Amino acid sequence: MALINLSKKEIHCKIVYYGPGRCGKTTNLLYIYNAMNNQARSKMLTIETKGERTLFFDLLPLNLGKINGFDIRIQLYTVPGQVIYEATRKLVLKGVDGLVFVADCLKVRREKNRESFQDLHRNLFEYNLTTEEIPIVLQFNKCDLVPTPIPTLTKEELEVDLNSELNTKVFEAAAIKGIGVFETLKEISKRTIHYVATKHLSINH
Ligand SMILES: Nc1nc2c(ncn2[C@@H]2O[C@H](COP(=O)(O)OP(=O)(O)OP(=O)(O)O)[C@@H](O)[C@H]2O)c(=O)[nH]1
Ligand SMILES: [Mg+2]
C-alpha cells in the first residue's frame with residue numbers, strides 16, 4: 001500500500017510488472033537498473049531464480065526525485081509468470097498502486113497472455129480491486145522479433161485480446177534493447193503518483 005509520510009515529505013508507491021512466463025518482466029527491470037545512476041536507484045533484489053526464471057520476485061527501488069517538495073520513492077516488482085506460482089503472484093500484488101501488464105508478441109504465447117491477464121483480474125478481485133481503480137498500462141514486448149520469420153501477433157490482435165475493455169495506453173517495446181522501457185515506466189509512474197496522491201491510501205505523520 002502506498003505510504004505518504006508528511007513529516008519526512010515522502011511518497012512511496014508500489015508498481016508491479018505482471019504477465020506470463022518469459023514475456024520480459026525481469027528484462028524490463030534489469031534495463032532500468034542498468035540505465036539509472038546510483039542516486040536514483042538502490043540495489044536490485046532478485047529473490048530466487050532458476051536459470052532466468054523468476055521463482056519469487058524481483059524488486060527495484062527507485063528514487064524519482066521531488067514533486068511539490070515530496071520525495072517520490074517507487075518500488076518496482078515483478079511477479080513470477082509461470083502458472084504454478086499463483087500464490088506468489090497474489091502475494092506480490094498485495095498493496096499494489098500501479099500495474100504494467102507485459103504481453104508477449106510471440107504468436108505461440110497468445111493464450112498465455114490471455115490466461116495471465118485473467119489471472120491478474122482474479123487476483124486483484126481477491127483484494128477487492130479492479131483495473132478500473134488501479135492505474136494500468138500495457139506493454140507489448142519483443143517487438144524486435146516482428147521483422148523476423150518467427151510468427152508474431154499484430155498490435156491489433158493484442159489490442160483485441162487485452163485492451164478492448166481496459167482502453168489504456170499501449171507501449172510497443174523491445175525490453176532487451178531498452179526500446180519502450182522508460183516510456184512505459186514514465187507513464188505508469190505518472191498515473192500511479194497521481195492515483196496515490198489523490199487517494200491518500202495511508203497517511204503516516
Ligand atoms: N527478442 C527479445 N527477447 C526478449 C525481450 N525481452 C526479454 N526477452 C527474452 O525473453 C526471455 C525471458 O525474459 P525474462 O525477463 O526473464 O521474462 P520474465 O517475464 O521475467 O519471466 P518469468 O520470470 O518466468 O516470469 C529472456 O531470454 C530474455 O532475454 C525482447 O524485447 N526481445
Ligand atoms: Mg522474471
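Me: On the other side of α3, away from its buried face, which residues are exposed?

Reply: This is a predicted model, and in it E111, Q118, R122, F125 and E126 are the exposed residues on that side of α3. The general idea for reading such a helix is that an α-helix has 3.6 residues a turn, so residues three or four places apart point the same way. In this structure N113, S116, F117, L120, N123 and L124 are the buried residues of α3, and because they fall within an arc of 130 degrees when seen down the axis of α3, they line one face of the helix.

Me: What covers the buried residues of α3, and how many residues does the helix have?

Reply: The cover includes β2, α2 (86-93), β6 (98-104) and α4 (155-163). Helix α3 itself runs over residues 110-126 and has 17 residues, with 25 Å from its first C-alpha to its last, which is close to the 24 Å expected at 1.5 Å a residue.

Me: Which residues of α2 are buried, and where do they pack?

Reply: In α2 the buried residues are R89, V92 and L93, and they cover an arc of only 100 degrees around the axis, which puts them on the same side of α2. They pack against β2, β4, β5 (70-78) and α3.

Me: How should I read the nonpolar core, and which of its residues have the most contacts inside it?

Reply: In soluble globular proteins, nonpolar side chains tend to be buried together. Here the largest nonpolar core has 49 residues, and those with the most contacts inside it are V16, Y17, L76, V100 and F101. The largest share of this core, six residues, is supplied by strand β2 (residues 10-18). Leaving aside residues up to four places away in sequence, V16 touches Y77, V79, V92, L93, V96 and L99.

Me: How many residues apart in sequence are L185 and L76, and is L185 buried or exposed?

Reply: L185 and L76 are 109 residues apart in sequence, while their C-alpha atoms are 9.5 Å apart in space. L185 is found in helix α5 (residues 181-199), and it is buried, with 24 other C-beta atoms within 10 Å.

Me: What does a positive phi tell me, and which phi does N128 have?

Reply: The general background is that most residues other than glycine have a negative phi, and most peptide bonds are trans. N128 has a positive phi of about 60 degrees although it is not a glycine, and it lies in the loop between α3 and β7 (136-141). With 7 other C-beta atoms within 10 Å, N128 is exposed. K142 likewise is not a glycine but has a positive phi, of about 75 degrees, and its place is in the loop between β7 and α4. K142, however, counts as buried, with 24 C-beta neighbours inside 10 Å. A glycine example is G95, which takes a positive phi of about 80 degrees just after α2.

Me: Which residues are closest to ligand 1, and which helix gives the most to the shell around it?

Reply: Ligand 1 is surrounded by 22 residues, of which G24, T26, T27, T54 and G81 are the closest. Helix α1 gives the most to the shell, with three residues, and both α1 (25-35) and β4 (53-67) supply at least two residues each. By character, the shell around ligand 1 divides into six nonpolar, 10 polar and six charged residues.

Technical notes
Residues numbered from 1 in each chain as written. Chains lettered and ligands numbered in written order. Predicted model: local features only at pLDDT ≥ 70, side-chain atom pairs only at ≥ 80, totals over all residues. Core = buried A, V, L, I, M, F, W, Y, C linked by C-beta atoms within 7 Å. Buried ≥ 20, exposed ≤ 12 C-beta atoms within 10 Å, placed from the backbone. Helix = DSSP H or I, 4+ residues; strand = E, 2+ residues; numbered from the N terminus. Contact = placed C-beta atoms within 7 Å. Near = placed C-beta within 6 Å. Nonpolar A, V, L, I, M, F, W, Y, C, P; charged D, E, K, R; others polar. Expected span 1.5 Å × (residues − 1). Arc of directions from axis to C-beta.
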